[in-house]
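Trainee: Please take one part of this chain and go through it closely, then place it in the rest of the fold. I would like a single connected account.

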Amino acid sequence: MSKNKIGIITVTKKGVELGKKIKNLYLENFNKEIEIFTLEKYSDEETKIIKLSIKDTLKDIFQKYFGFIFITATGIAVRSIAPFINSKDSDPCILVIDENGDFVIPILSGHLGGGNNLTKEISSILKALPILTTSSDISGKIAVDTIAMKINGKLESLESAKKVTSLIVAGEKIEIKVPENISNKNPKGIIIISNQKNIEITQIFPKNISIGVGCKRGTSKEKIISAIKNSLEKYNLSEKSLKVIGTVDIKKDEIGIIEASKYFNVDLKIISKNEIKKIEGKFQKSEFVEKTLGIGAVSGPCAMLASRKKGEIIAEKIKYDGITISIFQEETRKDG
C-alpha cells in the first residue's frame, strides 16, 4: 500500500469540482498525493477514468492506496468497497463527503487506517463538519489501535486491543507500560502485581527494527526470508517490529531481496557504496567482500543507514549459506 496516495471517487461534475478543490488545498497543507477518479464524461487531464464501474476500478488498486474519499452517497461507497474489505489492520481508510463539502464521514479503518485523522485534515481545509462515530473518539478517549497508529506500531492482536479499548471507553483505569526494549535494554518478561482476577492485556510492537542483507547473486527469496525470520527469532524479536530492509546499491536488482521486502511488507532501502565507506570502520570487515565489492562490510552498515535514526547494532553478520544478516534497533525514546 502506498502511504502517500489517496484516491477520490466521484461520479458527478460537482463532485469532480469538489475533488479538485480538496486536491489543491490538501497539497498545500499535507504531503500525500491525490488522484481523482470519475466517469469519462466528466474527466479531463487532471482526472483518471472509471472505465467500467467503481468496483472494477477498485479491484486492482484497493490495497495500493492509503485511503479513498468518496464524493458520493454513502450507499454507493459501501457497495463499492464491500468485496474488497479484509481486515481493519490492512484495509485502506474510506471517507464519504457530500457534494457540498459540508460533512466528512469516515466509514472504514478510522483508527489503524488513519481514517479519523484524514477526516480531521479534510474537514479543516474544507471547513466542514467531521462526523466521527467510533466510541473512543466520541468520548474523547484514545483507543489502543489509535496509539498503535500514532507510533507506527503493530498490534499483537485486534481482539486484545478491542478488549482493552472497551475498558478505556467504559472509564476504567488503564496503565501503559513502556519496557526499555524500545530504548537500550531488552527485558524478556513483565511481572504484573494486582489483586484483580482478570486483567486485559494487549501489546503494541514498535516499528524500530532495521535489517541489513547481503547475499550471493541469485539467492532465492525463500532463503532470504528464512534467514531474516531465523535471525529475528534468535534475538527474540517480532516480525511485527520490522520497519525496513537495507542492501547495497549493487544488489538493487537482486530479486530475492526485493521479494523478501514485499513478503514482510516493508520498504527496501538501497544504500550506496559511498555512504557505506563513511561508516564501514565501525563494523567487522571481510577481506573477500572488500576485494569483490570495494567495501569491507555490507549488512551492518546497510542496517544502520536504512534506519536513518539513532540506535545500535544488536546483531552483526549472522551468516546463512551465502546470506549475511545484521539487525539494527532504533531508539524511540530516551531514558528518564
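Mentor: Contacts first, since they set the scale for the rest. In this predicted model, 65% of the chain's contacts with a separation of 6 or more join residues 24 or more positions apart. Of the 336 residues in the chain, 42% are buried. The exposed surface of the chain comes to about 18,300 Å², and carbon and sulfur atoms supply 50% of that area. The secondary structure consists of 12 helices and 14 strands.

The part to look at closely is helix α1 and the sheet beside it. Helix α1 covers residues 13-29, which is 17 residues. At 1.5 Å a residue the helix should span 24 Å, and its end C-alpha atoms are 25 Å apart, so the expected and modelled lengths agree. Its buried residues are G15, V16, L18, G19, K20, I22, K23 and Y26. A general point helps in reading that list: an α-helix has 3.6 residues a turn, so residues three or four places apart point the same way. The buried residues of α1 pack against the strands β1 (5-10), β2 (33-38), β3 (47-49), β4 (67-71) and β5 (93-97), and also against helix α4 (115-126).

Those strands belong to an open sheet of 7 strands, in the order β3-β2-β1-β4-β5-β6-β7, with mixed pairing. The edges are β3 and β7; each has a single partner strand, so one side of each is left without a neighbour in the sheet. Helix α3 (residues 74-81) also packs on this sheet, where it touches β4, β5 and β6, and its direction makes about 25 degrees with that of β6. Helix α4 lies across β1, β4, β5, β6 and β7 and runs at about 30 degrees to β5.

The pairing can be followed strand by strand. β1 and β2 are parallel and share 5 bridges, and G7 has E35 in β2 as its bridge partner. β5 and β6 (residues 103-108) run antiparallel and are joined by 4 bridges; here V96 is partnered by I105 in β6. These two strands form a hairpin with 5 residues between them, and G101 in the turn has a positive phi of about 70 degrees. At the β7 edge, β6 and β7 (residues 129-130) run parallel with 2 bridges, and V104 has P130 in β7 as its bridge partner.

The other sheet to compare is an open one of 5 strands, ordered β12-β11-β10-β14-β13, again with mixed pairing. Its edge strands are β12 (267-271) and β13 (311-320), each of which pairs on one side only. From one strand to the next the twist averages 25 degrees. Within this sheet, β10 (residues 209-215) and β14 (residues 323-330) are antiparallel over 7 bridges, with S210 opposite F328 in β14. Helix α8 (residues 221-234) packs on the sheet and touches β10, β11 (242-248), β13 and β14; its direction makes about 45 degrees with that of β14.

S307 gives a second link to the β10 and β14 pair. This residue lies in helix α12 (residues 299-307) and is buried, with a relative accessible area of 5%. Leaving aside residues up to four places away in sequence, S307 touches S210, K243, V244, F328 and E330. The list therefore includes both S210 and F328, the two residues that stand opposite each other across β10 and β14.

Two loop residues in this part of the chain have unusual backbone notes attached. N236 sits in the loop between α8 and β11 and has a positive phi of about 55 degrees although it is not a glycine. N236 is exposed, at 53% relative accessibility. N265, in the loop between α9 (255-263) and β12, also has a positive phi, near 60 degrees, and is likewise a residue other than glycine. Its relative accessible area is 64%, so N265 counts as exposed.

Last, the cysteines. C215 is buried at a relative accessible area of 9%, and C302 is buried at 0%. The count of disulfides is 0.

Notes
Residues are numbered from 1 along each chain as its sequence is written. This is a predicted model: local features need pLDDT of at least 70, side-chain atom pairs count only at pLDDT 80 or more; totals for chains, interfaces and linings use all residues. Side-chain values use heavy atoms; hydrogens and water are left out. The expected span of a helix is 1.5 Å times one less than its number of residues. Buried means under 20% relative accessible area, exposed over 50%, partly exposed in between (1.4 Å probe, protein chains only). Contact means heavy atoms within 4.5 Å. A disulfide is a pair of cysteine sulfur atoms within 2.5 Å. Two strands pair if DSSP finds at least two bridges between them. Axes are lines fitted to C-alpha atoms, for helices over the stretch in contact, and angles run from 0 to 180 degrees between N-to-C directions. Accessible areas come from the Shrake-Rupley method with a 1.4 Å probe; for residues, only the protein chains shown count as cover.
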